[in-house]
Amino acid sequence: MWASRNDVSYIPFYSNKFTRDRFSQIFWMLHLKTIPTTDAGPRTRLQLVSCFLEYINSKLLNYFTPGAEICVDESTIKFKGRVSFITYNPKKPTKWGIRVYTMADSNTGYICGILPYYGSLTTEKLIRPDLPISARIPLHLYTMLLEKVPGSQGHHMFTDRYYTSFILAEELLKLKCYLSGTILTNRKHLPNQIEKPKFGRKSTVAFRKGNTLVLSWKDKRVVTCLTNWNNAGMTSVRRMLRGDVEITVKKPNVVINYIKHMGGVDRADQLAATYCFLRKSLKWWRKPFFGGLEICSINSYLLYKMTKQQRGEQPLSHLKYVKTLVKQLTGDFHQIRARSSTSTSSSENDRLNGKLHNILTGVRKDCKVCSKRTKHDKRHQTTYYCDTCPDKPGIHLGNCFMKYHTKQNYKD
């Protein structure tokens, strides 16, 4: 709507900064520098954006240290083009896209580490090839955290059922990191009784092996969790039913902590989707490029918000922050455009001045006089155009040329 001249919808900010053609020109010419290499394989093609995302990933923890609770989940950058590593998940809001594995601070949603998925090329770079891929991803992200924050320990990682496993819990515990998350009942090293637990009078069934606890809780459906942090204790919580009926139910502590701390990545995705500036493009690398800019914008807002709260000040809303950021980035720049030469009055004076007009040939254009695109079979094109008139109109020789240069209303 910003291109409209209607008084209700016209927004002069964009046209004052630069024209639509100038914006399109910058967007078309956007290019990322690649590292010179003799490798002609698929890795060369990934360098269009992988170097940029790796640079962003290296800067994420320079200004923020995550708290004790962190979470690992995947984000999806929407894309439906033809690329070999595109992913599809019918259960996600964004079903088609480029997957990015993300580690975030659970309390703030600050993104601490990213791992774009490029198919087998990403799998080869992960640590611990002897472990399942679902366990290698959280380990790889947590290892990057330890490299950026030496001596960091005592974190509590929350994952969903795709990543959670007994193997991952044991490996993270070696790094002095705890794990909690929902888990599939057919994972290795789990007791057979957990697949079909018998509850009886109690609503929980728990099994322990060393420091690791597996717990099934029967609510509206059976929820199975694994943790090496909590015990099998229960806490009474209030729940609202239909008709504003309030009841008290007992809920396991591991489930309460999981619900409280698992939404860090989802909180960041929500901020990214609120005022998203991704644009449609057939070039796949543009999507992760703008996705990286989104991550920087979100993290900057979260840092600003935390700083304001520490000072006891009221922070701006996300919308006002984005508007302020755009205003600061654009500054006082204005594009100067000369409109006098293309005005209607001057154009008519040049057209009807009665002087000699030069006719040249060039690319095919619609005839200014006899061509009507709005009507079927009424489009007429010509290679001739008037070089003397400012707008260089396409025009047929003969009657069309005479009407255009002698009549006020030249249309048939």
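**Notebook: helix pairs and a cavity**

**Entry 1: α5 and α6**

I started with helix α5 (residues 133-148) and helix α6 (residues 166-174), whose axes come within 9 Å and cross at roughly 20°. That angle makes α5 roughly parallel to α6, because angles under 35 degrees count as such. I note here that this is a predicted model. I looked up the hand next: α5 passes α6 in a right-handed crossing.

Which residues of α5 and α6 meet? On the α5 side I listed Ala135, Pro138, Leu139 and Tyr142. They meet Leu168, Glu171 and Leu172 of α6. I sorted this contact by class and got six nonpolar residues, no polar ones and one charged. Glu171 is the charged one.

**Entry 2: α8 and α9**

I moved on to helix α8 (residues 264-274) and its approach to α9. Their axes come within 10 Å and cross at roughly 110°. I therefore put α8 down as roughly perpendicular to α9, since 65 to 115 degrees is the range for that label.

From α8, the contact takes Ala268, Leu271 and Ala272. From α9, I found Glu294, Ile298 and Leu302. By class, I wrote down five nonpolar residues, no polar and one charged for the contact of α8 with α9. Here the charged residue is Glu294 of α9.

**Entry 3: α9 and α10**

I then followed α9 (residues 286-310) to helix α10 (residues 318-330). The axes come within 11 Å and cross at roughly 115°. That makes α9 roughly perpendicular to α10. Is the crossing of α9 and α10 right-handed or left-handed? I have it as right-handed.

Ser297, Ser300, Tyr301 and Tyr304 make the contact from α9. His318, Tyr321 and Leu325 make it from α10. I count four nonpolar, three polar and no charged residues in this contact. The polar ones are Ser297, Ser300 and His318.

**Entry 4: the cavity**

Last, I turned to enclosed space. How many cavities of 30 Å³ or more does a search of the whole structure find? It finds one. I noted about 40 Å³ of space in the largest cavity.

I wrote out the lining of the largest cavity: Glu74, Thr76, Thr87, Tyr88, Asn89, Lys92, Thr94, Lys95 and Arg99. Strands β1 (69-78) and β2 (87-88) each supply at least two residues of that lining. By class, I find one nonpolar, four polar and four charged residues around the largest cavity. Tyr88 is the nonpolar one. The charged ones are Glu74, Lys92, Lys95 and Arg99.

Conventions:
Residues numbered from 1 in each chain as written. Predicted model: local features only at pLDDT ≥ 70, side-chain atom pairs only at ≥ 80, totals over all residues. Heavy atoms only, no water. Axes fitted to C-alpha atoms, helices over the stretch in contact; angles between N-to-C directions. Helix = DSSP H or I, 4+ residues; strand = E, 2+ residues; numbered from the N terminus. Parallel < 35°, antiparallel > 145°, perpendicular 65-115°, else oblique. Left-handed = near helix turned anticlockwise from the far one by under 90°. Contact = heavy atoms within 4.5 Å. 1 Å grid on protein atoms, 1.4 Å probe; cavity = no way out; pocket = protein on both sides within 12 Å on 5 of 7 lines; lining within 4 Å. Points joined across faces, edges and corners; volume = space filled by probe spheres on them.
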